[in-house]
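This report walks through a few strands of a protein model and the way they are arranged. Please keep the sequence and the structure in view while reading.

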Amino acid sequence: MFSRFSIRTTATLVCFFGILSLLFLQACNKDSDKNTPAQPWTFSSELARYEVTLPPTWKPEADAKNLNAFADLAANLDNTLFLIVIPQKLPVFPVPDARAVKSAGLEMMQNSITDLRIKRQGDIILDDVSGVSVFFEGTVESERIQYIATYMTQVGWGYQIIAWGPATAERRLIEEVDQVLAGWKFLERDPPSVPIRDDSEAIAEIPLDTARQEIIDSLENIVAQSESVDSMQENSDQEDESGNENTKDLENIDENPLDTYSEGN
């Protein structure tokens, strides 16, 4: 028989070993969590029709408005690199394209960034949709900042995807932005454009009897012959005037055409 003392001691020991087991299991779970690689996370907008999957190293901001008053999504990487997405409803007519969104976005950023300098820019394909990406630098509170901004339009919405960090971290910023943009997805797309039929296709679909077709063919021949005569006469006139115009034409040649993708445009 167990004495009252031995029963109490046994119960205490059982309780003690139970606590040790629980602590051991918790420690194992923590070790297991450390060994499990972090997973990417996906942000699905409630405002516009898009979602983006970000690498696990990016952490969402508790409130996107802390980075930008118009941001739908905001995230940071080690509080060194930052990312925001700004969707904006576009006018119905005329509908701006990605370049128009870029121009408006850069104009707004110049109000808060001093010494803004565009380094390079070019077209980009994001989820099979064409857009524009711009690399530029600027100074904010005496610190030189590197920016990568991507501008897109789809289904009546304009998108500004802007990432930034210290100018010294440009290479890392480029690598991280590449991963972010790879996870972008439009949940709705513009309908495909309907090709405009030319007059020949429209006429071909009209059922015509033989007599009407012969009349149409005859008229087309008359018009073709008339155009041929006019063309011959015009060529003859141009040859007569070519000697006098050659020198003037050479003087009007622009030897330095505007480069539409030059730095700063």
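## Strand β7 and its partner

The model shown here is a predicted one. A convenient place to begin is a pair of residues that face one another: Val 134 stands opposite Ala 149, which belongs to strand β8. This pair sits within a longer match, since strand β7, covering residues 129–140, pairs with β8 in the antiparallel sense over nine bridges. In general, the strands of a sheet pair through backbone hydrogen bonds, and the pairing may be either parallel or antiparallel.

The hairpin made by β7 and β8 has two residues between the strands, and in it Glu 141 takes a positive phi near 50 degrees.

## Strand β8 and strand β9

Strand β8 is also joined to strand β9, which covers residues 157–166, and here ten bridges link the two strands, which run antiparallel. Among the facing residues, Gln 154 stands opposite Trp 157 of β9. The hairpin of β8 and β9 has two residues between its strands, and Val 155 takes a positive phi near 50 degrees there.

How many of the twelve residues of strand β8 are buried? Ten of them are, and strand β8 (residues 143–154) is therefore largely enclosed by the rest of the structure.

## A closer look at Ile 145

One residue of strand β8 is Ile 145. Is Ile 145 buried or exposed? Its relative accessible area is 9%, and because buried means under 20% relative accessible area, Ile 145 counts as buried.

Leaving aside neighbours within four places in sequence, Ile 145 is in contact with Phe 136, Glu 137, Gly 138 and Val 140, and also with Trp 164, Gly 165 and Ala 167. Ile 145 and Glu 170 are 25 residues apart in sequence, while their C-alpha atoms are 9.0 Å apart in space.

## The open sheet of three strands

Three strands form an open sheet in the order β1-β2-β10, and their pairing is antiparallel. Strands β1 (41–44) and β10 (184–186) stand at the edges and have a single partner strand each, so one side of each is left without a neighbour in the sheet. On average, neighbouring strands of this sheet are turned by 15 degrees against each other, with direction ignored.

Within this sheet, strand β2, which covers residues 50–54, pairs with β10 in the antiparallel sense over three bridges. The bridge partner of Val 52 in β10 is Trp 184.

Notes. Residues are numbered from 1 along each chain as its sequence is written. This is a predicted model: local features need pLDDT of at least 70, side-chain atom pairs count only at pLDDT 80 or more; totals for chains, interfaces and linings use all residues. Side-chain values use heavy atoms; hydrogens and water are left out. Buried means under 20% relative accessible area, exposed over 50%, partly exposed in between (1.4 Å probe, protein chains only). Helices (H or I, at least four residues) and strands (E, at least two) are DSSP runs, numbered from the N terminus. Two strands pair if DSSP finds at least two bridges between them. Axes are lines fitted to C-alpha atoms, for helices over the stretch in contact, and angles run from 0 to 180 degrees between N-to-C directions. Contact means heavy atoms within 4.5 Å.
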